[in-house]
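Me: I am new to this structure and would like a close look at a single part of it, the sheet. Please describe how its strands are arranged and what lies against them.

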Amino acid sequence: MPIDAVSRYLEGVGARRLADGEWGLTIGDEHPLDIGLRVADGLVRIQAFAVPAADAPADADVLHWNRSSRVVRFARTRSGDLWVQADLLVAAADARSMDTVLGLVVEASRSARAVAYDAAPSDGGWLGGR
């Protein structure tokens, strides 16, 4: 899916064009999730702010999640905020793969928030409890 097709797909799901090759997408929820997408160096780069430093889970939990997840990964800023990131080759991007990766970013972000705010499902959910 070349960049024009990526653009059409993202605009079709409600993303806003921020600059050439950059979009923003907000997923409405009790706590809206802002996702940034950028095409650069042959990749569709996706990142979403998940949890502020003050509420973020321990480093050991985040490392465990990264070891047990696929495609998406958790990252921290220097100040300790928790983000979810994913990359997809532009050449391999199609509507199905974009849907899948965006869905995984949303799911990981929501799961991290659930753990951070003690709203995790009783079965441990996707990330498991702390």
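The sheet and its surroundings

Reply: Along the sequence, the elements of the chain come in the pattern α-β-β-β-β-α-β-β-α. This is a predicted model, and its secondary structure amounts to three helices and six strands.

The six strands form an open sheet with antiparallel pairing, in the order β1-β2-β3-β4-β6-β5. Its edge strands are β1, residues 16-19, and β5, residues 72-76, each of which pairs on one side only. On average, neighbouring strands of the sheet are turned by 25° against each other, with direction ignored.

Two helices can be placed against this sheet. Helix α1, made of residues 3-12, packs on the sheet and touches β1, β2, β3 and β4. The direction of α1 makes about 25° with that of β2, the strand of residues 22-27. Helix α2, made of residues 59-68, also packs on the sheet, where it touches β5 and β6. Here β6 covers residues 82-89, and the direction of α2 makes about 160° with that of β5.

The strands can now be taken in turn, starting from the edge at β1. Three bridges join β1 to β2, and the two strands run antiparallel. One residue of this pairing is Ala-19, whose bridge partner in β2 is Glu-22. The two strands form a hairpin with two residues between them. In that turn, Gly-21 has a positive phi of about 75°.

Next comes the pairing of β2 with β3. These strands run antiparallel and are joined by six bridges. The hairpin that connects β2 to β3 passes through five residues. Across the pairing, Gly-24 stands opposite Gly-36 in β3, and Leu-25 stands opposite Ile-35 in β3.

Ile-35 leads on to the following pair of strands, as this residue also stands opposite Ala-48 in β4. Strand β3 spans residues 33-40 and strand β4 spans residues 43-51. They run antiparallel, with six bridges joining them. Another facing pair here is Leu-37 and Ile-46, the latter in β4.

What lies between β3 and β4? The two strands form a hairpin with two residues between them, and Asp-41 is in the turn. Phi of Asp-41 is near 55°, which is a positive value in a residue other than glycine. Asp-41 counts as exposed because its relative accessibility is 81%, above the 50% cut-off for that class.

Val-71 also has a positive phi, of about 75°, although it is not a glycine. Val-71 sits in the loop between α2 and β5, and so belongs to the stretch that leads into an edge strand of the sheet. With a relative accessibility of 48%, Val-71 counts as partly exposed.

Side chains of the sheet also take part in an aromatic pair. The count of aromatic pairs comes to two. In one of them, the ring centres of Phe-49 and Trp-83 are 5.5 Å apart and the ring planes stand at 80°, so the pair is edge-to-face. The cut-off behind that name is an angle of over 60 degrees between the planes. This pair links distant parts of the chain, as Phe-49 is in strand β4 and Trp-83 is in strand β6, 34 residues apart. Phe-49 counts as partly exposed at 27% relative accessibility, and Trp-83 counts as partly exposed at 25%.

A few totals set the sheet within the chain. The chain has 130 residues, and buried residues make up 41% of them. Of the contacts between residues at least 6 apart in sequence, 52% join residues at least 24 apart. The accessible surface of the chain is about 7,200 Å², and 50% of that belongs to carbon and sulfur atoms.

Conventions. Residues numbered from 1 in each chain as written. Predicted model: local features only at pLDDT ≥ 70, side-chain atom pairs only at ≥ 80, totals over all residues. Heavy atoms only, no water. Helix = DSSP H or I, 4+ residues; strand = E, 2+ residues; numbered from the N terminus. Buried < 20%, exposed > 50% of the residue type's maximum accessible area, 1.4 Å probe, protein only. Contact = heavy atoms within 4.5 Å. Areas by Shrake-Rupley, 256 points an atom, 1.4 Å probe, with all protein chains shown as cover. Pairing = 2+ DSSP bridges. Axes fitted to C-alpha atoms, helices over the stretch in contact; angles between N-to-C directions. Phe/Tyr/Trp six-rings, centres within 6.5 Å; stacked < 30°, edge-to-face > 60°.
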